[in-house]
Amino acid sequence: MEKIAIYPGSFDPPTNGHLDLIERGLKLFDKVIIAILCNPAKASSGLFAVEERIEMLNEIFAGQDHIEVDTHYGLLVDYAVKRDASAILRGLRAVSDFEYEFQMALMNRRLKRQIQTVFLMSGFKWIFTSSSIVKEAASFGGDVESMVPPIVNRKLKEKYGTA
Ligand code: PNS
């Protein structure tokens, strides 16, 4: 049976850190479904519309059959069950990620015991990369080319009028 993992997140926008984690996830799972979900803490501060995030991710992973891009409004664990996934994939960069991730994983386990959360360490190169820090730098005209896929770099420049 195909082993499926859900890689959930805001992806506003996708970074090279996300790509690195998906690559690592595919060493453990047959298929990774990238699920754009609502993070209530970030909902009002989204830079890219969900449709734009889908478009960027679809371009980044075009032609890769074992990667799917989708979106879901509601509980992550319900989506995981709906998609026959056995695991939720999350990346850990620094200790600062741990508390939030730990809480979320335990809540998700309380809600659906059969879904396991699998944490993978992101590559050392991406340890300080986050969508938020990339947006902040790009908004002031900073060069983030080495931290995001080319399409994201282009879209950030369009958004902030620094093209
Ligand atoms: O990239 P992010 O913003 O850290 O991802 C957080 C996300 C979207 C995975 C999380 O907020 C989430 O799972 N949202 C959906 C609602 C849900 O199931 N919350 C967790 C249990 S209450």
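**Chat: His72 and the ligand site**

Q: Which strand is His72 in?

A: His72 lies in β3, residues 67-72; strands here are DSSP runs of E, at least two residues, and helices are runs of H or I, at least four, numbered from the N terminus. This is a predicted model, where local features need pLDDT of at least 70 and side-chain atom pairs 80 or more, while totals for chains, interfaces and linings use all residues. Residues are numbered from 1 along each chain as its sequence is written, and side-chain values use heavy atoms, leaving out hydrogens and water.

Q: Is His72 buried or exposed?

A: His72 is buried, with a relative accessible area of 17% (buried means under 20%, exposed over 50%, partly exposed in between, with a 1.4 Å probe and protein chains only).

Q: OK, switching to the ligand. How many residues surround it?

A: 15 residues do, and the closest are Ser10, Asn39, Lys42, Leu76 and Arg90. Near means a heavy atom within 4 Å.

Q: What's the mix in that shell?

A: 8 nonpolar, 5 polar and 2 charged. Ala, Val, Leu, Ile, Met, Phe, Trp, Tyr, Cys and Pro count as nonpolar, Asp, Glu, Lys and Arg as charged, and the others, Gly among them, as polar.

Q: And which element gives the most to the shell?

A: α4, with 4 residues. Both β1 (4-9) and α4 (95-111) supply at least two.
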